[in-house]
Structure formats: structure tokens, C-alpha cells
Amino acid sequence: ETVNAVRALSKEGVTLADESRTPLYYHANATYEGHAFTIDIVLDELIHSIGHASATQDGMWIPDLDTLFAMKSATLVSRASEKDLFDLDHMLQLLTHWEIGTLITAGQMLDGGLDIETLLISLKGARLRQEACAFLLPDAKITVAQVFHKITALRERLVALLLTAAKHLPN
């Protein structure tokens, strides 16, 4: 159903390319009005037990901030992409106070393998590219270079917090 909704975007002018699909995953590279982005859909049964969402007037379900935070935190161990870090940076700005444990606990709700070590491996191994930060809308008040700087700084901050937390792990 969700994949069909994505494919229906072509009627609105979205071009889909390099589509791939498994029973639990769908991916496409998309372009809309000169704006390139990726679409990833994952069927994750856990999301329905831990997450909360609200329906829009047209029937689309939108997850709440806590659910999005858990989803983005969990993605850090599988892909740590530029867009994930950008989204996470924005969410962390909305939280009045957070600690690295908050991010770990949220991510573990969806990925039981997420821990300090897996986050460090993923974040330190991620190759962030400035050109991959071109997902901004044309009227954005931030540049691609500024996005790259923000996500690089966030990654460095997360790595530092994780390394500090790792010092308290039992040997």
C-alpha cells in the first residue's frame, strides 16, 4: 500500500529510478523539480508496538516526534546517512535536554543490536559527502555546505559522547 502511494507520486511529477524491492524493503532514487532524494520504506512490525502516529485528512499516517526519534536513532547503526543525521540534528534541537543514553534507548526500541559499540562503528565508519546534502528544498534558508557542516559537527559530538560513555562500560 505504501509502495503504491510512492509510485503514485509520478502523477505529481516525481521521477523514480533504480527501484528495488524485497518483501520487507523498498528503495527508489527520486527527483522532483530538480530536487534529488531517496525513498526508503521498511516494513518493521516493532514500529506498531512502540510507535505512535496520527492520521492526516487524506489517510496518511504520520509518526509523532518520539517515534521519529526512535526511527532515526535506529538508522544510525545501519546507514548513518547525511539525511538521517540532518533529521536527527533537527530533532535534538527540539529536545530541551538529552543525553547519549536517550538516543541509545530510543534506537534500541527498534534495533536490539544498537549499543555504544555499534553506534561508534557506524558513525566513525560513515563517509559523509557534501554532495549528498543536496536534499534541501529550493527555498531552504540553509546551504548544502552549511548542512554538511551541521551533520559533520553532530557526528563528531555523538562520537565524543559515545567514547565518554564507553569509558563506563565494564571490561
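Let's start at Leu-76. Leaving aside residues up to four places away in sequence, Leu-76 touches Leu-85, Leu-88, Leu-103, Leu-119, Ser-122, Leu-123 and Leu-158. One note before I go on: this is a predicted model.

So what does Leu-76 belong to? Leu-76 is in the largest nonpolar core, which has 34 residues. Leu-76 is also among the residues with the most contacts inside that core. The others on that list are Leu-85, Leu-88, Leu-123, Leu-158 and Leu-162.

Which helices build the core? Five of them supply at least two residues each. They are α3 (65-75), α4 (82-94), α5 (100-108), α6 (116-125) and α7 (144-166). The largest share comes from α7, with 7 residues. There is another core, apart from this one. That second core has 9 residues, including Val-3, Leu-16, Tyr-26 and Ile-39. As background, nonpolar side chains in soluble globular proteins tend to be buried together.

Next, α3. Look at Ala-70, which sits in that helix. Buried or exposed? Ala-70 is buried, at 0% relative accessible area. What surrounds it? Ala-70 touches Ile-50, Ala-106, Gly-107, Met-109 and Leu-110, again not counting residues up to four places away in sequence. For a sense of scale, take Leu-128. Ala-70 and Leu-128 are 58 residues apart in sequence, and their C-alpha atoms are 22 Å apart in space.

Now the charges. How many salt bridges does the structure hold? The count is 7. I'll walk through three.

Number one on my list: Lys-72 with Asp-87. The closest N and O atoms are 2.8 Å apart. Lys-72 is in helix α3 and Asp-87 is in helix α4, 15 residues apart, and the pair links distant parts of the chain. Check the burial. Buried means under 20% relative accessible area. Lys-72 comes in at 14%, so Lys-72 counts as buried. Asp-87 comes in at 17%, so Asp-87 is buried too.

Next on the list: Asp-84 with Arg-79. Their side chains meet in a salt bridge at 2.5 Å, N to O. The two partners sit differently. Asp-84 is buried, with a relative accessible area of 1%. Arg-79 is partly exposed, at 39%.

Last on the list: Asp-89 with Lys-150. This salt bridge is 3.0 Å, N to O. Why does this pair tie together separate parts of the chain? Because Asp-89 lies in helix α4 and Lys-150 in helix α7, and those parts are 61 residues apart in sequence. Asp-89 counts as buried, at 13% relative accessibility. Lys-150 is partly exposed, at 27%.

Some of these residues join up. Lys-72, Arg-79, Lys-83, Asp-84 and Asp-87 are linked in a network of salt bridges. When you turn the model, pick out those five together.

Finally, the surface. Which residues form a nonpolar patch there? Leu-24, Tyr-25, Val-42 and Leu-43. Together they have about 360 Å² of accessible area. Tyr-25 lies in strand β2, residues 25-32. Tyr-25 counts as partly exposed, at 31% relative accessibility.

To recap. A nonpolar core of 34 residues, with Leu-76 among those with the most contacts. A network of salt bridges that includes Lys-72 and Asp-87. And a nonpolar patch on the surface that includes Tyr-25. Thanks. Questions welcome.

How values were computed: Residues numbered from 1 in each chain as written. Predicted model: local features only at pLDDT ≥ 70, side-chain atom pairs only at ≥ 80, totals over all residues. Heavy atoms only, no water. Core = buried A, V, L, I, M, F, W, Y, C linked by side-chain atoms within 4.5 Å. Buried < 20%, exposed > 50% of the residue type's maximum accessible area, 1.4 Å probe, protein only. Helix = DSSP H or I, 4+ residues; strand = E, 2+ residues; numbered from the N terminus. Contact = heavy atoms within 4.5 Å. Salt bridge = Lys/Arg side-chain N within 4 Å of Asp/Glu carboxyl O. Patch = residues over 30% accessible without salt bridge, like charges linked within 9 Å, V, L, I, M, F, W, Y side chains within 5 Å. Areas by Shrake-Rupley, 256 points an atom, 1.4 Å probe, with all protein chains shown as cover.
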